[in-house]
Amino acid sequence: MSSTWHILGAGSLGSLWACRLARAGKAVRLILRDAQRLQAYQQVGGLTLHEQDTANHYAIPAETAEGDGPIHRLLVACKAYDAAPAIARLAPRLADGAELVLLQNGLGSQDEVADQVPHARCIFASSTEGAFREDDWQVRFAGHGFNWLGDPLTPALPEWFDDLHDAGIPAEWTVDILTRLWRKLALNCAINPLTVLHECRNGGLLEHLGEVTALCDELAELLRRCGQPQAAEDLDEEVQRVILATAANYSSMYQDVRAGRRTEVHYLLGHACRAADRHGLQLPQLERLHRRLVDNLQARGLPSA
Ligand code: NAD
Ligand code: KPL
């Protein structure tokens, strides 16, 4: 089986992973959106990773989904709403037993992808690392964090897992990946939409702690109903810790909205509300928050799903 890391999406996280794997001498190939993007990339000749005061250039080969050859290992590094359509295009190239690592935040996109590629193994990831694009093909490593990877269907560790350690990518294999993803989703639901609605930094929510606590109570109830009691434990306390620790930051959803970019709301608050619905659970605060956020996004001309 080929040991090449194909990386779909040369955005923030995709570029960060690609540069670190390439730096460690691993075979990496980028899959770019279309021929125009490929041509633009080839003119620059590689990705540049900025870390503190240093910048390093990596001449990583690239292709489009229509390139040649089977894919055995694929890091899916696009936004949650792009994942399933991207995999649909790539499906004919996925070898039997191919392994996909899904970096998407939230929940729902992983199952949309898995449904399309029953012959592949889908590994879910939850990342707290931070990166952003300074320019096309230029990524800044902005926040050290951690990556948890796991496969809800099969506990076996993938044979390539040591590649991550070799590349200095902090990662651990976990059998509880769904618990991690649900917990992060709940944190994101309790913080991010409120920062958009109150137009504030995370720390601004210290003035709205009543609202935050009421949401955490409902989110904890939802997590327990969804079979995730561990993800519900001390949720309000952790949310308040995160608000304090990131008080000076703008949430990722706030930043997306301010930049006029589509948000991942469908896979965060939207997913939580759909799960509550499926369980026949009435969560008035959460539903109201969702309605207010949808109205806010629509008023800005942004997609609300
Ligand atoms: P990004 O927008 O910076 O990058 C996504 C890239 O995917 C873009 O370059 C886009 O052109 C590309 N893409 C989309 N469809 C494609 C296709 N069909 N073929 C090829 N490329 C395609 O996004 P990001 O910030 O790297 O986020 C990726 C995921 O990781 C999101 O779910 C995000 O929530 C999550 N995440 C990001 C960070 C971070 O710091 N950036 C941290 C944790 C989690
Ligand atoms: O993950 C975050 C984000 O901005 O997306 C924080 C603010 C840390 C929690 O919601």
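**Notebook: two sheets, two domains**

I started at a single bridge: N147 stands opposite A171 in β12. This is a predicted model, so I'm reading everything below as computed from it. N147 belongs to strand β11, residues 147-150, and 3 bridges join that strand to β12. I noted that β11 and β12 run parallel.

**Entry: the sheet around that bridge**

Next I looked up the whole sheet. I get 8 strands in the order β5-β2-β1-β6-β7-β8-β11-β12, forming an open sheet with mixed pairing. Which strands stand at the edges? They are β5 (62-64) and β12 (171-173), and each has a single partner strand, so one side of each is left without a neighbour in the sheet. I also checked the turn from strand to strand, and on average neighbours are turned by 25 degrees against each other, direction ignored.

Then I went through the helices on this sheet. Helix α1, residues 12-23, packs on the sheet and touches β1 (5-8), β2 (28-32), β6 (71-76), β8 (121-127) and β11. Its direction makes about 160 degrees with that of β1. Helix α2, residues 35-44, packs there too, touching β2 and β5. For α2 I wrote down about 165 degrees, taken against the direction of β5.

**Entry: the other sheet**

I found another open sheet, with 4 strands in the order β4-β3-β10-β9 and mixed pairing. At its edges are β4 (54-58) and β9 (130-135), each pairing on one side only. Here I again get an average turn of 25 degrees between neighbouring strands, direction ignored.

I zoomed in on β3, residues 47-51, which pairs with β4 in the antiparallel sense over 5 bridges. What is the bridge partner of T48 in β4? I find H57.

Helix α1 turns up in this entry as well. It lies across β3, β4, β9 and β10 (138-143), and runs at about 95 degrees to β3. So my notes have α1 touching strands of the 8-strand sheet and lying across the strands of the 4-strand sheet.

**Entry: where the domains meet**

I looked up the domain split: domain 1 covers 5-175 and domain 2 covers 179-299. Their centres, taken over C-alpha atoms, are 26 Å apart. At the boundary, 16 residues of domain 1 are in contact with 13 residues of domain 2.

How much area do the two domains bury between them? I get about 1500 Å², with 58% of it on carbon and sulfur atoms. Three residues caught my eye on the domain 1 side: Y81, N105 and L107 supply 49% of the area that domain 1 buries against domain 2, more than any other three residues.

I then checked for charge pairing between the domains and came up with 0 salt bridges. Polar contacts do show up, in 7 residue pairs across the interface, both residues at pLDDT 80 or more. On the domain 1 side, α3 (80-90), α4 (109-116) and β8 each supply at least two of the residues that touch domain 2. The largest share, 4 residues, comes from β8. I had already met β8 as one of the strands touched by α1.

**Entry: salt bridges**

Finally I searched the whole structure and found 16 salt bridges. I picked out the one between D163 and R73, whose closest N and O atoms are 3.4 Å apart. Where do the partners sit? D163 is in helix α5 (residues 161-166) and R73 is in strand β6, so I marked the pair as a link between distant parts of the chain, 90 residues apart.

Terms used
Residues numbered from 1 in each chain as written. Chains lettered and ligands numbered in written order. Predicted model: local features only at pLDDT ≥ 70, side-chain atom pairs only at ≥ 80, totals over all residues. Heavy atoms only, no water. Pairing = 2+ DSSP bridges. Axes fitted to C-alpha atoms, helices over the stretch in contact; angles between N-to-C directions. Contact = heavy atoms within 4.5 Å. Domains from an automatic or database assignment. Buried area = accessible area lost by both parts, 1.4 Å probe. Salt bridge = Lys/Arg side-chain N within 4 Å of Asp/Glu carboxyl O. Polar contact = N/O pair within 3.5 Å; in protein donor to acceptor, adjacent residues only side chain to side chain.
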